[in-house]
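Reader: I would like to learn how to read charge pairs and ring pairs in a model. Please take them one at a time.

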Amino acid sequence: MSTACGELTEREERVRVVEFWRAVEVFSPQPLPRPDTRSGVVDIAAEAPAPWEAGSRHYAPAPAGKVWRHEVFGGVFQLSRVRDALTGLYGPDAGGGQRETAKGQSALFACTLDEAGQFVSRTAVLSACAWAVARALAAPENPSLTDFGKDARQFAADLARLAGADGAAAPLLAGGAPTGPGAAEPGRGGAAPASPPAPEPGDAAAGDRQARPPGGADLVRFAAGLGERLGVADALRPGGLRVRSYLVDADRAARQTAPPFLNGCYADDLARVAAAVADGDAGAGLTAYLTGGARIDTGQRADVRTRPQAVWDGCLPGRIPAGRWPADLDRSLALSQQFAVNEIIARLGDAPGLVAVNGPPGTGETTLLRELIAAVVVARAERIAELASPADAFDPGAQRRWRSGGTRHAVTPLIPSLTGAEIVIASSNNGAVESVAAEISGPAAIGGQWRAAAARVDYFTATARLVHGEGAWAMIGARLGNAANRRALTETFWWGAPGRPDGGLPDLLGRPAGRPAGWDAARAEFRAAAERVAALTAERAG
């Protein structure tokens, strides 16, 4: 099949799917925080002073050791107007019926100001959704969602000039580089520019303090002008300011100040994915996921309702992984769970790819995940047991060195055979993922008969308790879903906690190095256990 015949190639089909996915993300901005004075979120009238201005009824001095940050959302509009604009151009959804009207509000732009009303560098964000609506209105037949960066730079330059700081566009932009729709153009191998180093405390937008801080009225007028320049003033009818004020530590203000959450989370990532798909470098799993149904050989499928023998064969003793999660012995997997685990390990144990498992709520997804972790840990342990010494796990020839300030750093990576065993749990619900991570390391994760053995093995137990709380038995998983979780993990996992100096990683790394006593004995014990498992498997298979 080829485009010469008017049909798309497989690769072109996959690119179109990702591009559609990206367009949906672009037109699905993050809703603004709702006005709530208790949370520091207020709407500012056109001529009223903003929270950082003298005379504002929302102004309050910061407590000792704290400073204010003010997230400004300018040109507020109803998300329902985005749908109305697109429906007016392209008609209602096919398939019958209108979907529920989009709820919430977004804004034409966002930025963050400090306690003095100065722009905080690398926090200015142009709305990708409003920009894309403008593109659709300008060219309905063939709207282009590329070159967002050019308009983002112009927006940042205009915003900088508002405070008399010409030339401050790049330092003002969130991430230090224009990202969003078109950050990477499919087929050109492009990618979004790398972000520069994080700003230092007190870093201003143009390196020097701006001539004057913008007032609320200035930003209201700027938003009105931006709506006219984009061409969405009539369609979206943006207006007004919404400000969210919050406190950060004075000595860590730069680290605790993030760009406002305005655009969708994944538009830039999807642009990079589209480019990788176009270049044939998307990986086996994603390539399989993006394969159209017409191109799948359905003859290889087995309907287990009519062929239950397929499940039985998939659960034969020889197909069960050598490792099992240390659960209570009377709680074995259900047949369908064991079949899923066996299929995943058989198909993906040594090769990339994709296996889909349908697990409705309450059917034991976390239990299945634990068994996969156990299988992966044991498979990796088999490779480790082949090493004559723990030092052989590292590749000194691939050591990476760098200097940060006056400190030299060096990291020696693992040998390739010990990498690739990581597991990422992702979901649209951060709370669900956090619960799974906590359950895996929590005290109820293992059976009572295994707890004494787990304490003897000491799988970073002290560190796990710093990260997950008392009762954690092993450092198996970590919560990474948002910036606060990631920051808490790195600080606790690495530095430990006040009054608990024994759990941080530097303490573990600072222990005497060299060949641990009993390495050969430990390898022999593991191999004996593996041989015992193999013998039991053969016995049951016979």
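**Charge pairs and ring pairs**

Author: Start with one residue: Lys 66 is partly exposed, at 34% relative accessibility. Buried is under 20% relative accessible area, exposed is over 50% and partly exposed is in between (1.4 Å probe, protein chains only). This is a predicted model, in which local features need pLDDT of at least 70 and side-chain atom pairs count only at pLDDT 80 or more, while totals for chains, interfaces and linings use all residues. Residues are numbered from 1 along each chain as its sequence is written, and side-chain values use heavy atoms, with hydrogens and water left out.

Reader: Which residue forms a salt bridge with Lys 66?

Author: Side chains of opposite charge can pair when their charged atoms come close. The cut-off for a salt bridge is a side-chain nitrogen of Lys or Arg within 4 Å of a carboxyl oxygen of Asp or Glu. Here the partner of Lys 66 is Asp 249, with the closest N and O atoms 2.6 Å apart. Lys 66 is in strand S2 (residues 66-78) and Asp 249 in strand S5 (residues 239-249), so the pair ties together parts that are 183 residues apart in sequence. Helices (H or I, at least four residues) and strands (E, at least two) are DSSP runs, numbered from the N terminus. Asp 249 is buried, at 17% relative accessible area.

Reader: Which residues are linked with Lys 66 and Asp 249 in a network of salt bridges?

Author: Arg 252 and Glu 491 are linked with them in that network. The whole structure has 21 salt bridges. One of a more local kind joins Arg 347 to Glu 343, at 3.1 Å between the closest N and O atoms; both residues lie in helix H12, 4 residues apart, about one turn of the helix.

Reader: How many aromatic pairs are there?

Author: Rings of Phe, Tyr and Trp (its six-membered ring) pair if their centres lie within 6.5 Å; planes under 30 degrees apart are stacked, over 60 edge-to-face, and the rest tilted. The count is 6 aromatic pairs. Trp 325 and Trp 473 have ring centres 5.7 Å apart and planes at 90°, so this pair is edge-to-face. Trp 325 is buried, with a relative accessible area of 4%, and Trp 473 is buried at 15%.

Reader: Which residues do ring pairs link into a cluster?

Author: Phe 109, Phe 155 and Phe 222 are linked in this way.
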